[in-house]
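Trainee: I should like to go through the side-chain interactions and strand pairing here, and to learn how each label is justified. Could we begin once the sequence and structure are in view?

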Amino acid sequence: QVQLVESGGGLVQPGGSLRLSCAASGRIFSVNGMGWYRQAQGHERELVARITNFGGTATANSVKGRFTISRDNAKKTVYLQMNSLKPEDTAVYYCNVQVNGLDYWGQGTQVTVSS
């Protein structure tokens with residue numbers, strides 16, 4: 001009965017910005033770690049960034065300095081601010097959230113960076 005709903009993906013030119021959102025809803029007792037992963041065509045899913053329930057973050061080297069993960073505990077939502085986007089950032093982005101001690105995944109949202 002727990003769902004993660006993602007939004008914010010789309011088509012953007014190189015150097016542009018997007019903000020992804022992922023909101024958890026349903027029968028929720030606790031929310032712990034949150035993160036964003038991405039999977040490009042023909043590649044394995046990879047970690048982009050994670051954030052603890054205390055606000056500590058870890059970011060992949062490939063996006064460090066460009067992407068920022070944040071969360072709003074009251075809204076049970078995790079965000080990914082993506083700046084200075086590059087074509088190699090093109091992928092389906094998935095949120096992952098620990099809810100009630102279990103991992104849940106969002107449906108994925110397409111991010112395409114192209115001129």
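Mentor: Let us start with a rule: two rings of Phe, Tyr or Trp form a pair if their centres lie within 6.5 Å. By this rule the count comes to one aromatic pair. Please keep in mind that this is a predicted model.

Trainee: What makes Arg-38 and Glu-46 a salt bridge?

Mentor: The cut-off is 4 Å between a side-chain nitrogen of Lys or Arg and a carboxyl oxygen of Asp or Glu. The closest N and O atoms of Arg-38 and Glu-46 are 2.8 Å apart, so the pair meets the definition. As a general point, side chains of opposite charge can pair when their charged atoms come close.

Trainee: How many salt bridges does a search of the whole structure find?

Mentor: The search finds three. Besides the bridge to Glu-46, Arg-38 forms one with Asp-89, with the closest N and O atoms at 3.0 Å. Arg-38 lies in strand S4 (residues 31–39) and Asp-89 in the loop between strand S8 (77–82) and strand S9 (91–99), so this pair ties together parts that are 51 residues apart in sequence.

Trainee: Which salt bridge joins Arg-66 to another residue, and where do the two partners lie?

Mentor: Arg-66 bridges to Asp-89, the closest N and O atoms being 2.7 Å apart. Arg-66 is in the loop between strand S6 (57–59) and strand S7 (67–72), whereas Asp-89 is in the loop between S8 and S9. The two residues are 23 residues apart, and the pair links distant parts of the chain. Taken together, Arg-38, Glu-46, Arg-66 and Asp-89 are linked in a network of salt bridges.

Trainee: How do you know whether Arg-38 is buried or exposed?

Mentor: The relative accessible area decides: under 20% is buried and over 50% is exposed. Arg-38 has 6% and therefore counts as buried. Asp-89, at 1%, is buried because its value is also under the limit. Arg-66 is buried as well. Glu-46 has 36%, so it falls between the two limits and is partly exposed.

Trainee: Which residues does Arg-38 touch, leaving out those up to four places away in sequence?

Mentor: Among them are Glu-44, Arg-45, Val-48, Phe-67, Glu-88 and Tyr-93. Its salt-bridge partners Glu-46 and Asp-89 also appear among these contacts.

Trainee: Why is the charge of Arg-45 said to sit over the ring of Tyr-94?

Mentor: CZ of Arg must be within 6 Å of the ring centre and within 35 degrees of the ring normal. The charged end of Arg-45 is 3.8 Å from the centre of the Tyr-94 ring, so the distance condition is met. Arg-45 also lies over the face of Trp-105, at 4.7 Å from the ring centre.

Trainee: What environment does Tyr-94 have, buried or exposed, and which residues are in contact with it?

Mentor: Tyr-94 lies in strand S9. Its relative accessibility is 16%, under the limit of 20%, so it counts as buried. Its contacts beyond four places in sequence include Glu-6, Trp-36, Tyr-37, Arg-45 and Trp-105.

Trainee: What makes the link between the side chain of Asn-100 and the backbone of Arg-27 a polar contact?

Mentor: N or O atoms must lie within 3.5 Å, one able to donate a hydrogen and the other to accept it. A polar atom of the Asn-100 side chain lies 2.8 Å from the backbone oxygen of Arg-27, so the distance falls within the cut-off. A polar atom of that side chain also lies 2.6 Å from the backbone nitrogen of Phe-29. Asn-100 itself is in the loop between S9 and strand S10 (102–105) and, at 27%, is partly exposed. The C-alpha atoms of Asn-100 and Ser-30 are 5.0 Å apart, although 70 residues separate the two in sequence.

Trainee: Why are strands S1 and S3 called paired?

Mentor: At least two bridges are needed. Strand S1 (residues 3–7) is joined to strand S3 (residues 18–25) by five bridges, so the two are paired. They run antiparallel, and Leu-4 stands opposite Ala-24 in S3. S3 also pairs with S8 in the antiparallel sense, over six bridges. There, Ala-23 stands opposite Thr-77 in S8.

How values were computed. Residues are numbered from 1 along each chain as its sequence is written. This is a predicted model: local features need pLDDT of at least 70, side-chain atom pairs count only at pLDDT 80 or more; totals for chains, interfaces and linings use all residues. Side-chain values use heavy atoms; hydrogens and water are left out. Buried means under 20% relative accessible area, exposed over 50%, partly exposed in between (1.4 Å probe, protein chains only). Helices (H or I, at least four residues) and strands (E, at least two) are DSSP runs, numbered from the N terminus. Rings of Phe, Tyr and Trp (its six-membered ring) pair if their centres lie within 6.5 Å; planes under 30 degrees apart count as stacked, over 60 as edge-to-face and the rest as tilted. Contact means heavy atoms within 4.5 Å.
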